[in-house]
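I opened a new page for this protein. My plan was to start with the surface, then go through the fold, and end on one pair of strands.

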Amino acid sequence: MLKALLRRKPKPAAPIDTATLPDGQRVYAIGDIHGRRDLLDQLLDKIVMDDRMRGPADTHIVFLGDLMDRGPDSAGVIDRAIELSETLGNNVHFLMGNHEEVFLSAADGDEKLVRFFCKIGGRETILSYDISPQEYNELSMEELTERLTTLLPRRHLDFVRGFKDRIVMGDYAFVHAGIRPGKSIEEQRPKDLRWIREDFIMDDTPHDKLIVHGHTITDDVEECSNRIGIDTGAYMSGMLTALCLEGRERWYLKTGG
């Protein structure tokens, strides 16, 4: 069931054109990057050109979480994200995904979670720091857990700890995984915002906001009456997607894939 869900074909789009942003605001929401610094740089170039072409606005960039794991350069993605936070200040926002949650727990020295971290793509994240594949392979899990306490830069950990669970702008709520149906945005638990899947994906009842999310991979953007999913599996497909919003307009920017 889960494997099929991860690679589902998008459903036909339902009418969601009534959702709007406040006047003068423009938003670019970026899906799961998973260590693909190369694709992030390409997409940011597209965003800069698109934003310039459309003229002045109060422009915000929202990262939907899962910046790390699976792809080859998680450390580089975090470096780029820090650069953006220093340049754009309050106009760039970062959401806590399930992979960030496990990354931070592994960094705190929990051996059980280090093992889980490595199983879900953390090996690639670890290797994007100053450790060779040979050294990684020679370490026991206990030794690797200890090594992480000095390997992962404090600057990166402090930055990721500052990620938010949700962002609300106008009629949109931006989260990593989804929300628990039947509860308002304010009532949502961090666990659901970062991890929920089937209960959210399979539900088509209206929410108090139009939910923009990543976490569940589809072959292309998935537009439904109550949500928009933009995790297009960048780490394996080469397609990193941004949802672009202004007023009632909605468009997409993508890297090749």
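How much area does the protein expose, and what share of it do carbon and sulfur atoms supply? I looked this up at the start. The protein exposes about 11,400 Å², and 49% of that comes from carbon and sulfur atoms. I noted that the model is predicted.

**Overall fold.** I went through the secondary structure and found 11 helices and 10 strands. Next I took the radius of gyration. It is 18 Å, close to the 18 Å that the globule rule gives for 257 residues, so the protein is as compact as a globular protein of that length. Along the principal axes, the C-alpha atoms fill a box of roughly 55 × 40 × 35 Å.

**Inside.** I checked burial. Of the 257 residues, 53% count as buried. Then I turned to contacts with a separation of 6 or more. Residues 24 or more positions apart account for 67% of them.

**Charges.** I looked up 34 positive and 45 negative charges. Their mean positions lie 3 Å apart.

**One hairpin.** Which way do strand 9 and strand 10 run relative to each other, parallel or antiparallel? They run antiparallel, and six bridges join them. I placed strand 9 at residues 241–246 and strand 10 at residues 249–254. I picked out one bridge: Leu243 has Tyr252 of strand 10 as its partner. Two residues sit between the strands of this hairpin. There I found Gly247 with a positive phi near 55°.

Methods: Residues are numbered from 1 along each chain as its sequence is written. This is a predicted model: local features need pLDDT of at least 70, side-chain atom pairs count only at pLDDT 80 or more; totals for chains, interfaces and linings use all residues. Side-chain values use heavy atoms; hydrogens and water are left out. Helices (H or I, at least four residues) and strands (E, at least two) are DSSP runs, numbered from the N terminus. The radius of gyration is taken over C-alpha atoms; the globule rule is 2.2 Å times the number of residues to the power 0.38. Buried means under 20% relative accessible area, exposed over 50%, partly exposed in between (1.4 Å probe, protein chains only). Contact means heavy atoms within 4.5 Å. Accessible areas come from the Shrake-Rupley method with a 1.4 Å probe; for residues, only the protein chains shown count as cover. Lys and Arg count as positive and Asp and Glu as negative; His and the chain ends are not counted. The place of a charge is taken as NZ of Lys, CZ of Arg, CG of Asp or CD of Glu. Two strands pair if DSSP finds at least two bridges between them.
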